[in-house]
Amino acid sequence: MGTINASIAETLIVLIPKESNPQRLKDFRPISLCNVIFKVITKVLVSRLRPFLVDLISPLQSSFIPGRGTTDNAILAQEVVHFIHHSQAKKSSIAFKIDLEKAYDRLNWDFLELTLHDFGFPLATISLIMSCVRSSNLSVLWNGAKTDHFTTSRGLRQGDPLSLYLFVLCMQKLSLSIQQKVLSGIWKPIQVSKGGPPLSHILFADDVMLFCEASTEQVKVVMDTLEEFCSASGLRINTLKSTAMCSRMVQGERKRELQDISTIKFVADLGHYLGFPLVKDRVSRDVYNDVVDKVSKRLATWKGNILNKARRACLVKSVTTAIPVYTMQLHYLPTYVCKRLDKMSRSFLWGGDGLSQTWNHVN
């Protein structure tokens with residue numbers, strides 16, 4: 001009762017390259033190909049868990065929760081970045097964008113089981129979930145051949161429907177720890193608007209943003225909180241990919257002091273969050289170059305000259321015009337960018353190229 005046969009959990013691992021020329025194992029993303037019976041079991045568990053997640057998970061975490069979307073966190077992040085950049089208040093603010101290294105692969109199973117107990121799940125359900133997690137008989141699918149099987153002692157399968165929700169529950173422990181310190185006055189959150197709610201963090205799976213006052217004491221509190229959570233969960237902060245941004249009122253010497261404490265690089269621009277550019281000042285053409293590049297690369301991979309116009313029209317309508325839609329959920333695209341995208345699509349439709357020099361520039 002509450003366990004599964006180990007043969008049901010046999011899984012193939014496919015390594016998906018993150019870069020065009022991967023050189024190290026870190027350059028690959030391991031995706032699990034679970035068998036049908038195992039996925040049926042985990043999908044049933046997911047269908048039972050989902051209705052309760054709205055009550056269990058903090059509103060500041062929006063990943064995979066019914067009624068919450070990606071844009072919720074993106075809008076909050078955009079408002080915070082705009083506030084921090086333009087704020088002239090005496091109490092300066094900091095926004096940390098934390099990258100968790102191989103988050104799904106490093107999660108500690110004992111921490112996961114303790115988390116399920118803390119949230120009050122029935123013992124039979126916990127036993128079944130942990131049986132699905134621990135019954136890991138893995139083989140790597142390499143060049144079409146299956147390698148010898150091996151077992152693991154930590155981590156969640158990327159490709160298993162249940163893994164997403166288990167990881168969200170574990171990240172809720174970090175959220176609860178931060179909320180407890182905010183309530184006790186140890187963690188001093190920021191306030192974007194007068195009379196608005198204090199904001200200490202937002203989470204989307206392993207995408208973490210933390211906010212506090214720009215002081216050495218507060219930076220120490222943030223780093224101690226992260227260290228405590230990482231020590232318990234087995235996760236690790238990737239300091240090379242993590243960044244921080246502070247108010248303009250913070251002087252260079254003080255900024256270097258805060259950087260030394262946190263070991264996280266301070267930058268003038270946090271870049272992208274959940275695929276959205278975080279605009280801190282006036283919108284320029286360069287902000288949306290990545291949208292144009294995505295459409296350009298997609299057009300370059302299609303052999304439009306061997307397709308008739310009807311097929312080209314289908315590709316343009318279903319793909320190239322859909323790429324900017326995600327970004328447009330949060331930002332208005334400048335007229336220049338819209339015109340350039342339209343002309344690239346027309347060039348592909350009528351000429352089969354899409355990259356012709358005739359259309360690369362807007363008159």
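Which residue forms a salt bridge with Glu-113? To find out, select Glu-113 in the viewer and look for a partner of opposite charge. The model on the screen is a predicted one, and the tour below begins at this residue.

**Stop 1: Glu-113 and its partner**

The partner is Arg-134; the closest N and O atoms of the two residues are 3.2 Å apart. Glu-113 belongs to helix H4 (residues 109-118) and Arg-134 to helix H5 (residues 123-134), so the salt bridge ties together parts that are 21 residues apart in sequence. Colour both residues by accessibility. Glu-113 has a relative accessible area of 25% and is partly exposed. Arg-134, at 34% relative accessibility, also counts as partly exposed. Now add Asp-110 to the selection: salt bridges that share partners join Asp-110, Glu-113 and Arg-134 into one network. As background, side chains of opposite charge can pair when their charged atoms come close.

**Stop 2: Further salt bridges**

The structure holds five salt bridges. Select Glu-101 and Arg-236, which form one of them, with their closest N and O atoms 3.9 Å apart. This pair links distant parts of the chain, for the two residues are 135 residues apart. Glu-101 sits in the loop between strand E3 (93-99) and helix H3 (103-106), whereas Arg-236 sits in the loop between helix H7 (216-233) and strand E8 (243-246). Is Glu-101 buried or exposed? Its relative accessibility is 15%, and Glu-101 therefore counts as buried, the cut-off being under 20%. Arg-236, in contrast, is partly exposed, with a relative accessible area of 41%.

Next, select Glu-228 and Lys-181. These residues form a salt bridge in which the closest N and O atoms are 3.6 Å apart. Glu-228 lies in helix H7 and Lys-181 in helix H6 (residues 161-183), and the pair links distant parts of the chain, 47 residues apart. Glu-228 is partly exposed, with a relative accessible area of 47%, while Lys-181 is buried at 14%.

**Stop 3: An open sheet**

Switch to a ribbon view and select strands E1, E2, E4 and E5. In what order do these four strands form their open sheet? The order is E2-E1-E4-E5, and the pairing is mixed. E2 and strand E5 (145-146) stand at the edges; each has a single partner strand, so one side of each is left without a neighbour in the sheet. Move inward to E1 and strand E4 (residues 137-142), which run parallel and are joined by four bridges. To locate one matching position, select Thr-11, whose bridge partner in E4 is Leu-138.

**Stop 4: Strand E7 and its neighbours**

Select strand E7 (residues 207-213). This strand is mostly covered, with six of its seven residues buried. Seven bridges join E7 to E3, and the two strands run antiparallel. Here the bridge partner of Ile-94 is Cys-212 in E7. Strand E6 (residues 201-204) also runs antiparallel to E7, to which four bridges join it. In this pairing, Ile-202 has Met-209 of E7 as its bridge partner. Which residue in the turn between E6 and E7 has a positive phi? Select Ala-205, whose phi is about 55 degrees; E6 and E7 form a hairpin with two residues between them.

**Stop 5: Patches on the surface**

Display the surface and select Lys-18, Arg-24, Arg-29 and Lys-241. These residues gather in a patch of positive charge. Lys-18 is found in the loop between strand E1 (10-17) and strand E2 (28-34), and is partly exposed, with a relative accessible area of 40%.

For a patch of another kind, select Val-36, Val-40 and Val-44. They form a nonpolar patch on the surface, with about 270 Å² of accessible area together. Val-40 lies in helix H1 (residues 36-56) and is partly exposed, its relative accessible area being 48%.

**Stop 6: A long distance**

Finally, select Leu-123, which is found in helix H5. At 63% relative accessibility, Leu-123 counts as exposed. Use the distance tool from its C-alpha atom to that of Gln-251: the two atoms are separated by 54 Å, and the residues are 128 residues apart along the chain.

Definitions and conventions. Residues are numbered from 1 along each chain as its sequence is written. This is a predicted model: local features need pLDDT of at least 70, side-chain atom pairs count only at pLDDT 80 or more; totals for chains, interfaces and linings use all residues. Side-chain values use heavy atoms; hydrogens and water are left out. Patches are made of residues with over 30% relative accessible area and no salt bridge: like charges are joined within 9 Å, nonpolar side chains (Val, Leu, Ile, Met, Phe, Trp, Tyr) within 5 Å. Accessible areas come from the Shrake-Rupley method with a 1.4 Å probe; for residues, only the protein chains shown count as cover. A salt bridge is a side-chain nitrogen of Lys or Arg within 4 Å of a carboxyl oxygen of Asp or Glu. Lys and Arg count as positive and Asp and Glu as negative; His and the chain ends are not counted. The place of a charge is taken as NZ of Lys, CZ of Arg, CG of Asp or CD of Glu. Buried means under 20% relative accessible area, exposed over 50%, partly exposed in between (1.4 Å probe, protein chains only). Two strands pair if DSSP finds at least two bridges between them.
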